[in-house]
Amino acid sequence: MSMDFPQFRKLEGAPNLYIIEGPKHVTEWQPMGDGKWVVHQHYASDYPRYQWVTELLQGDDPVRALTADAWEALYRERSEASADPAPGRMPWPPMRSPWQEEAAVGPLTTFGAAGHAQCLAEVASDADVRWALEDRGELPLMVLGGGSNVLMHRDWTGRMLHMNIRGVQKIADDGDAVEVVVGAGESWHAWVMHALDAGWNGLENLALIPGSVGASPMQNIGAYGVEVKDRFAWLEAIHRETGALERFDAERCAFGYRDSVFKQAEKDTWVIVRVAFRLQRSAALNTHYGAIQAELQTRGWDAGTTHLQVAEAVMAIRQSKLPDPRDIGNAGSFFKNPVVSKEAFERIQREHPEVAHYPAPDGKVKLAAGWLIDRAGWKGHRRGACGVHDRQALVLVNHGGATGAEVWALALDIMADVESKYGVRLEPEVNQVGL
Ligand SMILES: Cc1cc2nc3c(=O)[nH]c(=O)nc-3n(C[C@H](O)[C@H](O)[C@H](O)COP(=O)(O)OP(=O)(O)OC[C@H]3O[C@@H](n4cnc5c(N)ncnc54)[C@H](O)[C@@H]3O)c2cc1C
């Protein structure tokens with residue numbers, strides 16, 4: 001079905017208004033009689049609901065298609081008694097210049113390298129996103145979630161959208177498996193803990209990863225043998241040029257190791273507004289990582305372990321190994337673990353028999369970037385205000401006041417040194433802004 005979205009509808013003889021956001025997503029506005037509205041989000045997660053959206057789209061009796069202006073007129077007419085903006089959506093009247101000019105964005109990132117955005121807006125709904133995509137449209141646009149995977153090299157000359165779309169909604173439940181839609185601006189870790197509290201299991205190995213839900217598919221976040229793609233159902237994203245909302249399944253996301261279509265062919269094309277996950281009450285535990293097993297044993301939890309206990313073990317391991325950005329600026333692993341051919345690996349192993357490595361798809365071998373950087377002598381190295389963490393060589397840190405350029409100069413030196421010593425080119429995992 002190729003159509004432009006959003007589309008506007010009402011039902012003859014009924015007061016409710018509808019916005020068809022995409023082929024599988026409808027927002028329903030139900031007037032409460034006092035000028036206020038209740039807004040329901042409907043996701044076509046099964047065939048009857050998909051059929052309902054299709055019928056709304058077709059616009060046959062008693063459905064009436066409206067222009068955006070006609071929809072707005074009805075909305076205003078019924079909102080007169082209330083001065084409050086409608087919940088969850090604020091297109092009318094347009095937001096009054098929510099741009100914050102020359103906003104300091106260093107504090108919005110975990111690295112904390114200083115930087116300003118020419119203008120910054122917090123967006124809390126699809127309508128906010130569409131508004132911000134159109135307003136000052138001549139300026140370049142950047143999307144910021146929790147800022148835990150970016151290094152600001154210099155000020156951002158353009159618009160920056162800070163994602164704050166909230167909400168967690170269960171849309172399907174067969175007694176074991178659930179499908180849950182989560183707003184892009186929700187905190188990843190808070191969502192993981194919320195899911196575990198609700199008994200929706202499968203995300204426990206990804207506890208305590210910083211950042212937002214909307215960024216999680218960007219690099220297919222992963223830890224301790226689980227990646228987002230393993231629990232992913234679909235996501236919705238708004239096209240930066242057209243404002244169209246589209247749904248992506250896993251195949252369209254083209255997930256790879258710390259990678260997706262949003263970092264490759266469709267880089268800087270979409271704003272992800274929500275992500276849906278498929279979780280299971282009976283999800284199998286994934287505790288095959290030695291560190292998790294050891295932690296569970298230390299706690300005496302090795303028999304009859306619960307999903308929540310695995311999350312707690314993962315959190316304890318992460319806290320012991322990784323620097324907390326609240327104490328020292330960092331963006332987690334600065335480099336990806338390089339994946340090399342079998343031949344390249346054998347060459348390195350001949351010279352360095354102890355090289356840390358793991359099997360990778362297609363007969364390739366994944367090397368531990370942290371091991372390479374450590375053995376090249378960089379662990380704990382300090383250069384001015386930045387450096388390499390003293391317990392985790394994969395993490396570059398800001399001791400306070402480091403600029404993006406300083407961190408990048410250090411990163412380049414590490415990359416050159418590792419390449420000269422091992423013949424392996426490291427690739428940054430962290431997104432470089434303004435390089
Ligand atoms: C201490 C520490 C530990 C970490 N551990 C891990 C780990 O174990 N595994 C792992 O995979 N990662 C890890 N990370 C990296 C980071 O947490 C993840 O990459 C996280 O998903 C980034 O989320 P964010 O919201 O902070 O994204 P940001 O840093 O704000 O943005 C990252 C990129 O995504 C884009 N983006 C963000 N939101 C959206 C959106 N809604 N729509 C479109 N584009 C968007 C941005 O433009 C940018 O290019 C760690 C980071 C830290 C600081």
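**Reasoning through a predicted model**

This predicted model contains an open sheet of four antiparallel strands, in the order β18-β24-β23-β22.

Reader: What makes β18 and β22 the edges of the sheet?

Author: Each of them, β18 (329-333) and β22 (382-383), has a single partner strand, so one side of each is left without a neighbour in the sheet.

Reader: Why are β23 and β24 called paired?

Author: Pairing takes at least two bridges. Strand β23 (residues 386-388) and strand β24 (residues 395-398) are joined by three, so they qualify. In one of these strands, β24, you will find N398, the bridge partner of C386.

Reader: Thanks! Now the charged side chains: why do D173 and K170 count as a salt bridge?

Author: The limit is 4 Å between nitrogen and carboxyl oxygen. For D173 and K170 the N to O distance is 2.8 Å, so the pair counts.

Reader: And E227 with K229, what is the distance there?

Author: Their side chains meet at 3.5 Å, N to O, and this is within 4 Å, so it is a salt bridge too.

Reader: Is E227 buried or exposed, and how do you know?

Author: Buried means under 20% relative accessible area. E227 has 17%, so it counts as buried.

Reader: What about its partner K229, which class does that fall in?

Author: K229 has 36% relative accessibility, which lies between 20% and 50%, so it is partly exposed.

Reader: How many salt bridges are there in the whole structure?

Author: A search finds 25. Some link up into a network, made by D126, E236, R247 and R274.

Notes. Residues are numbered from 1 along each chain as its sequence is written. This is a predicted model: local features need pLDDT of at least 70, side-chain atom pairs count only at pLDDT 80 or more; totals for chains, interfaces and linings use all residues. Side-chain values use heavy atoms; hydrogens and water are left out. Helices (H or I, at least four residues) and strands (E, at least two) are DSSP runs, numbered from the N terminus. Buried means under 20% relative accessible area, exposed over 50%, partly exposed in between (1.4 Å probe, protein chains only).
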